[in-house]
Amino acid sequence: MGRRILNDALRSMVNAERRGKATVELGPISTVISSFLRIMKHHGYVKDFQVYEPHRVGRITVELQGRINDCKALTYRKDIKARDIEAYRLRTLPTHQWGYVVITTPDGVLDHEEAIKRNLGGQVLGYFH
């Protein structure tokens, strides 16, 4: 169920960007969605986001930047070792110049660059570019 919620949220963001909207409201939410959005904000793909009622069903309002071409969540759990992250990124992302694979590790949710730096493997949540 958690993967479906993440996938629905990411698809809502992509659809809103394609329509030219400035904000999008996501709900229901989870902590994984807020971690994924934190990584997107760090890399400049979204301007900001606000979490409302995080302990209940809640919702997140996201201010879009206009940079998202595509973002998807994997609906299956793909285990990946630290040494295989770069090969997976090259296989998954359509370009070698930009885009990020988001991985959940024992140290939390990280992008592929940070996971390689820390030499951590984990499970792939999704990607965005």
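User: Happy to look at this one with you! In what order do the elements of the chain run from the N terminus on?

Analyst: Good place to start, and please keep in mind that this is a predicted model. The chain has four helices and seven strands. Read from the N terminus on, the elements follow the order α-β-α-β-β-β-α-β-β-α-β.

User: Thanks! How does the radius of gyration of the chain fit with a compact globule?

Analyst: The C-alpha atoms fill a box of roughly 35 × 30 × 25 Å along the principal axes. For 129 residues, a compact globule would have a radius of gyration near 14 Å, and the chain agrees with a value of 14 Å.

User: What percentage of contacts between residues at least 6 apart in sequence join residues at least 24 apart? And how much of the chain is buried?

Analyst: Let's take burial before contacts. Buried residues account for 45% of the 129 residues. Among contacts between residues at least 6 apart in sequence, the share joining residues at least 24 apart is 61%.

User: Now to the sheet. Which strands stand at the edges of the open four-stranded sheet?

Analyst: The strand order in this open sheet is E4-E7-E5-E6, and the pairing is antiparallel. Two of these strands each have a single partner strand, so one side of each is left without a neighbour in the sheet: these are E4 (71-80) and E6 (108-111).

User: By how much are neighbouring strands of this sheet turned against each other on average?

Analyst: This average ignores strand direction, and for neighbouring strands of the sheet the turn comes to 25°.

User: How many bridges join E4 to E7, and which residue stands opposite Ala73?

Analyst: E4 and E7 (residues 122-128) run antiparallel and are joined by six bridges. Opposite Ala73, in E7, stands Gly126.

User: Which helices pack on the sheet, and which strands do they touch?

Analyst: Helix H2 (residues 31-42) packs on the sheet, with its direction at about 55° to that of E7. H2 touches E5 (100-105), E6 and E7. Helix H3 (residues 85-92) also packs on the sheet, and its direction makes about 145° with that of E4. The strands touched by H3 are E4, E5 and E7.

User: Let's focus on E5. How many of its six residues are buried?

Analyst: E5 pairs with E7 in the antiparallel sense over five bridges, and four bridges join E5 to E6, again antiparallel. Strand E5 is largely enclosed by the rest of the structure, because the number of its six residues that are buried is five.

User: How many residues lie between E5 and E6 in their hairpin?

Analyst: Within this pairing, Thr105 has Gly108 of E6 as its bridge partner. E5 and E6 form a hairpin, and the number of residues between them is two.

User: On to the aromatic side chains. How is the pair of Tyr45 and Phe128 arranged?

Analyst: It is one of four aromatic pairs. The ring centres of Tyr45 and Phe128 are 4.9 Å apart and the planes stand at 75°; an angle over 60 degrees is the cut-off that applies here, so the pair is edge-to-face.

User: How far apart in sequence are the parts that Tyr45 and Phe128 tie together?

Analyst: Both residues are buried. Tyr45 lies in the loop between H2 and strand E2 (46-52), while Phe128 lies in strand E7, so their pair ties together parts separated in sequence by 83 residues.

User: What about Tyr100 and Phe128: what is the angle between their planes?

Analyst: Tyr100 stands opposite Phe128 in E7. Tyr100 counts as buried at 15% relative accessibility, and Phe128 counts as buried at 0%. Their rings form a tilted pair, 5.6 Å centre to centre, with an angle between the planes of 35°.

User: Which residues do ring pairs link into a cluster?

Analyst: Two members are already familiar from the pair of Tyr100 and Phe128, which ties together parts 28 residues apart in sequence, since Tyr100 lies in E5 and Phe128 in E7. The cluster linked by ring pairs consists of Phe36, Tyr45, Tyr100 and Phe128.

User: Last, some backbone details. Where is the cis peptide bond, and what is the phi of Asn119?

Analyst: Most residues other than glycine have a negative phi, and most peptide bonds are trans. The bond from Gly27 to Pro28 is cis, with omega near -5°, and Pro28 is found in the loop between E1 (23-26) and H2. Asn119 lies in the loop between helix H4 (112-118) and E7 and is exposed, with a relative accessible area of 59%. Its phi is positive, near 60°.

Conventions. Residues numbered from 1 in each chain as written. Predicted model: local features only at pLDDT ≥ 70, side-chain atom pairs only at ≥ 80, totals over all residues. Heavy atoms only, no water. Pairing = 2+ DSSP bridges. Axes fitted to C-alpha atoms, helices over the stretch in contact; angles between N-to-C directions. Contact = heavy atoms within 4.5 Å. Buried < 20%, exposed > 50% of the residue type's maximum accessible area, 1.4 Å probe, protein only. Rg over C-alpha atoms; globule rule 2.2 N^0.38 Å. Phe/Tyr/Trp six-rings, centres within 6.5 Å; stacked < 30°, edge-to-face > 60°.
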